[in-house]
Amino acid sequence: MASIAFRKKEVTRDLEHCDVPYYVSEFVERELGNDYDSLGKLDSLIEKLSENKKHLEEQVLTVSSEVPKRIQNALKNAEDSKKSLSQLLEEETALSESINSHLLQAQPWMEDLDVLIGQVEEIERHLAYLKWISRIEELSDSIQQYLMTNNVPEAASTLAFMAELDIKLQESSCSHLLAFVRSTVKFWHKILKDKLTSDFEEVLAQLRWPFVGPPQSQALGLAAPASAPEVYNNLEMLFCQLLKLQTSDELLTKPKQLPEKYPLPPSPPIVLPIQIMLNPLQKRFKYHFTGNKQTNVLNKPEWYLTQVLMWIGNHSKFLDDKIQPILDKAGSSVNAGLEFSRALVMLILEKLAADIPCLLYDDTLFCHLVDEVLLFERELYSVHGYLSSFPSCMHILSEESCFQRWLTVEKKFALQKMDSMLSSEAAWISQYKDITDVDEMKVPDCAETFMTLLLVITDRYKNLPTASRKLQFLGLQKELVDDFRIRLTQVMKEETRASLGFRYCAILNAVNYIATVLADWADNVFFLQLQQAELEVRAESDTVSQLQLGQLASMESSVFDDMINLLERLKHDMLMRQVDHVFREVKDAAKLYKKERWLSLPSQAEQAVMSSSACPMLQTLRDRLLQLEQQLCHSLFKIFWQMLAEKVDLYIYQEIIMANHFNEGGAAQLQFDMSRNLFPLFSHYCKRPENYFKHIKEACIILNLNIGSALLLKDVLQSASENEPLKPRQPSATAALNELGVYKLAQRDVEILLNLRASWPNTGK
């Protein structure tokens, strides 16, 4: 074995000079190893290796016989493919030569054919051109024939069809054809329009149109003689015929436009028959309100505004009863009354565009104009149903220079109003002070006037056409609120020494009222829409954080949040001053009560008399509560007395109860003073006032426990503090305190209170 191992070691060490390959020696080592008994496996191993060798030789023979056949087949296929490719190339060459030869022969024919095709196409264009001319001439002849036979309706229908053809030809590059069609349409349109207009005006004259007199004369004119049905039939016939000229009229008549700086919404032209009906009113308007007429004065915009409203009102019934059915019958979607109003409003817009530059820098005239325009708009929308999608005076006021001037004037007059309301003698007096039901908020006159001012400003700008303009006015309102808050703060600082005085309380009521109203406005649909608009503007400008955008989008905040927060902070500071003031007075009045000899008071079964030393403190509390209840609104007074109760509760507990020792009589006297005198002072404001004095109430419970209960409680607390295990059926410290009604005081405080009891029986401990 040693020699075998030695030989193995040598083989491993010198592989390059060994006759036996390394992998063979490795195979032998793996199969036989160092065990002589394993040599018996040699026969089976040799047999197995022989079989493997034979199998491998068979595979080699098989492969060597198959591979040449496959290679031979592949070569044969390649040769066949090569022959096919050569044949195809020869065919392709022959075909290409044939095609080239044919193209050379056909080239003269193609050139001749191209010339012929071009000639045919040109002839077709000429033919189409002539057909269009012929078609237009046919229509023109038809119109002429209809007019000669006095068949105006058919003439109007034919002209309408011709106008539609004109519209279809607009994309054509045949300028002469377009000019011919347009001139033909224009020629017949003028003839038909003049004829129909003349007849239509004659019918309107029979109806005494326009109705510019008082309503009585209108009714008299409309009552009409026996020929009224015929007149109305003629009115309907002519109106419908004029409607047919609408398309050609829009083609030929360029509507009058205001300068581009006025952001008017797009609107269709006024229908032709209503245009004709408006002609006499437009002439009257221009006669009276342009030029050097006495009725055309800058300081009287109400004259032309009122005149237009009167015209709209005077004609509304006729338009609804007589004209609207004609439009409906003709299949038109036009509303006669609104169309009439829209045309007259355009006169107003032209007048405003001309007048505003003349009075832009005269505050009085400009402010008066804005006031009158707003009144006009209000009546136009509320009484006459004018649509916000139509051009309106607000579009003129929204022009940049005019709008900025409006903002400036609005702010100037608002500040003047604020000055006057704060300097008024009745500024801090509620105008409803003698009406209990109405005066719940105890709002001083200046605060109510200020909020009315803000409300009026909202009404003035809420019909502006764009959200961006509304947001600018909202910014002005915020500025005014902040300015008013600063003014209130300045007046409040002057009254700080008299923080319980009437004026100080009035300022506090004013702050509370403004904050409350702004919070209510935040839920108004109008301001919610402005909040959404503000969100979109801020999102585009990236001026706020994602958190703020999220709060705005989720409606967690409002457009007035910043103002409300500042007002709430001022309200809290003012209330704290009042609470501190009253609390100082209570502490001063409680000095005698604090020095009461609680340890030596006589023991009584039941104390029936209030401690005389408590009288000043309780009287001070009562007087101040009554005073502030009358001067503060209910919500403010509720906050005040609850804050005061919390301070008094802690003061009596810390400075009187925890600073003294009590015998049985002293504890009973304390409980009587608190439960029968202090707590009832607050019973007018809540059902269970003792819940606002939990320290005092629970301290009185501990101090007035009978001896047995006190000893048991002391034992439980002592065991709990020493972490001793509970005895059977012994409650925990918390459970024991809760059972007695003690929830607020900590265990350590209760132990101190128990130690403040003066008399304990001798238990041997």
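This tour of a predicted model moves through three selections, one after another.

**A surface patch**

Begin by selecting Val63, Val67, Ile71 and Leu75, whose side chains make a nonpolar surface patch of about 340 Å². To place this patch in the fold, display helix α3, residues 42-148, in which Val67 lies. An α-helix has 3.6 residues a turn, so residues three or four places apart point the same way. Colouring by accessibility puts Val67 in the partly exposed class, because its relative accessibility is 36%, between the limits of 20% for buried and 50% for exposed.

**A buried arginine**

Next, select Arg405, which has its place in helix α14, residues 400-423. Is Arg405 buried or exposed? Its relative accessibility is 18%, and Arg405 therefore counts as buried, the cut-off being under 20%. Showing the surroundings of Arg405, and leaving aside residues up to four places away in sequence, brings up contacts with Leu360, Tyr361, Asp363 and Phe366. At Leu360, turn to the backbone oxygen, which lies 2.9 Å from a polar atom of the Arg405 side chain.

**Helix α22 and what it packs against**

Finally, select helix α22, residues 615-631, and draw a distance between its end C-alpha atoms: they are 24 Å apart, which agrees with the 24 Å that 17 residues should span at 1.5 Å a residue. Which residues of α22 are buried? They are Met617, Leu618, Thr620, Leu621, Leu625, Gln627 and Leu628. With these side chains shown, add α17 (502-521), α20 (561-589), α21 (591-594), α23 (634-657) and α24 (664-681), against which the buried residues of α22 pack.

How values were computed
Residues are numbered from 1 along each chain as its sequence is written. This is a predicted model: local features need pLDDT of at least 70, side-chain atom pairs count only at pLDDT 80 or more; totals for chains, interfaces and linings use all residues. Side-chain values use heavy atoms; hydrogens and water are left out. Patches are made of residues with over 30% relative accessible area and no salt bridge: like charges are joined within 9 Å, nonpolar side chains (Val, Leu, Ile, Met, Phe, Trp, Tyr) within 5 Å. Accessible areas come from the Shrake-Rupley method with a 1.4 Å probe; for residues, only the protein chains shown count as cover. A salt bridge is a side-chain nitrogen of Lys or Arg within 4 Å of a carboxyl oxygen of Asp or Glu. Helices (H or I, at least four residues) and strands (E, at least two) are DSSP runs, numbered from the N terminus. Buried means under 20% relative accessible area, exposed over 50%, partly exposed in between (1.4 Å probe, protein chains only). The expected span of a helix is 1.5 Å times one less than its number of residues. Contact means heavy atoms within 4.5 Å. A polar contact is a pair of N or O atoms within 3.5 Å; within protein, one must be able to donate a hydrogen and the other to accept it, and residues adjacent in sequence count only if both atoms are side-chain atoms.
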